[in-house]
Amino acid sequence: MKGTKSPLFLYFILRFIMDQTKVKDLIDEALALNESLYLVDLSISENNKIQVVVDGDNGVPLSECIRISRSVDNNFDREEEDFSLEVSTPDISHPSHQQHA
């Protein structure tokens, strides 16, 4: 039928959306443990490259990037989900334009 999507196509779209929501929820949970941190950007590419940019009122120590990365990574099964994860802070080439409220 012209103009219809196959159930398999819809399954992959919904699965991508649900995974994106799960990643965002996990990041929000991790950020809630340190009220001075906030999410600047989150992107997930078609090949499951997850890029997270966080900033903080007083900067972001490396230990916080590691903690956030682990909180996401530990909630996915790498046997089922093939992904790469990068948690970083804004830099000269990607400055933060957000102010934490």
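These are my notebook entries on a predicted model of a single chain.

**Entry 1. Overall layout**

I began with the secondary structure, which comes to two helices and three strands. Read along the sequence, I obtained the order α-β-β-α-β. I then looked up burial for the chain: of its 101 residues, 25% count as buried.

**Entry 2. The nonpolar core**

I next asked which residues of the largest nonpolar core touch the most other members. This core has 18 residues, and the answer is Ile 27, Leu 31, Val 52, Val 54 and Ile 68. The elements that contribute two or more residues to this core are helix 1, strand 1 (37–44), strand 2 (49–56) and helix 2. Helix 1 gives the most, with five residues. I noted the general background that in soluble globular proteins nonpolar side chains tend to be buried together.

I followed up Ile 27, which is placed in helix 1. Its relative accessibility is 0%, so Ile 27 counts as buried. I also looked up its separation from Tyr 38: the two residues are eleven apart along the chain, and their C-alpha atoms are separated by 9.5 Å.

**Entry 3. Helix 2**

I turned to helix 2, which covers residues 62–73 and has twelve residues. From the first C-alpha to the last I found a reach of 16 Å, close to the 16 Å expected at 1.5 Å a residue.

Which residues of helix 2 are buried? I listed Glu 64, Cys 65, Ile 68 and Val 72. Seen down the axis of helix 2, the buried residues fall within an arc of 105°, so they line one face of the helix. On the other side of helix 2, I found Leu 62 and Arg 70 exposed. I recorded Ile 68 twice, since this residue is buried in helix 2 and is also among the core residues that touch the most other members.

**Entry 4. Salt bridges**

How many salt bridges does the structure hold? I found two.

One joins Arg 67 to Glu 64, with the closest N and O atoms 2.6 Å apart. Both residues lie in helix 2, three residues apart, about one turn of the helix. I checked accessibility at each end. Arg 67 has a relative accessible area of 24% and is therefore partly exposed, whereas Glu 64, at 13%, counts as buried. The cut-off that matters here is 20%, under which a residue counts as buried.

Another joins Asp 28 to Lys 24, where the closest N and O atoms are 2.9 Å apart. Both belong to helix 1 (residues 7–32) and lie four residues apart, again about one turn of the helix. Asp 28 is partly exposed, at 31% relative accessibility. Lys 24 is likewise partly exposed, at 32%.

I added a general remark to these spacings: an α-helix has 3.6 residues a turn, so residues three or four places apart point the same way.

While on Asp 28, I looked up its separation from Tyr 38. These residues are ten apart along the chain, with their C-alpha atoms separated by 8.5 Å. Tyr 38 had already appeared in my note on Ile 27.

**Entry 5. Aromatic rings**

I searched for contacts that involve aromatic rings. The count of aromatic pairs comes to one. In a separate search for charges over rings, I found the charged end of Lys 22 over the ring of Phe 76, at 4.6 Å from its centre.

**Entry 6. The loop between strands 1 and 2**

What is the phi of Asn 48? I found a value near 65°, which is positive in a residue other than glycine. As general context, most residues other than glycine have a negative phi. Asn 48 is placed in the loop between strand 1 and strand 2. Its relative accessible area is 24%, so Asn 48 counts as partly exposed.

**Entry 7. Strand 3**

My last lookup was Ser 84, which is in strand 3 (residues 84–88). Ser 84 is partly exposed, with a relative accessible area of 36%. How many residues separate Ser 84 from Ser 45 in sequence, and what is their distance in space? I found 39 residues in sequence and 9.9 Å in space, taken C-alpha to C-alpha.

How values were computed. Residues numbered from 1 in each chain as written. Predicted model: local features only at pLDDT ≥ 70, side-chain atom pairs only at ≥ 80, totals over all residues. Heavy atoms only, no water. Phe/Tyr/Trp six-rings, centres within 6.5 Å; stacked < 30°, edge-to-face > 60°. Lys NZ or Arg CZ within 6 Å of the ring centre and 35° of its normal. Expected span 1.5 Å × (residues − 1). Buried < 20%, exposed > 50% of the residue type's maximum accessible area, 1.4 Å probe, protein only. Arc of directions from axis to C-beta. Salt bridge = Lys/Arg side-chain N within 4 Å of Asp/Glu carboxyl O. Core = buried A, V, L, I, M, F, W, Y, C linked by side-chain atoms within 4.5 Å.
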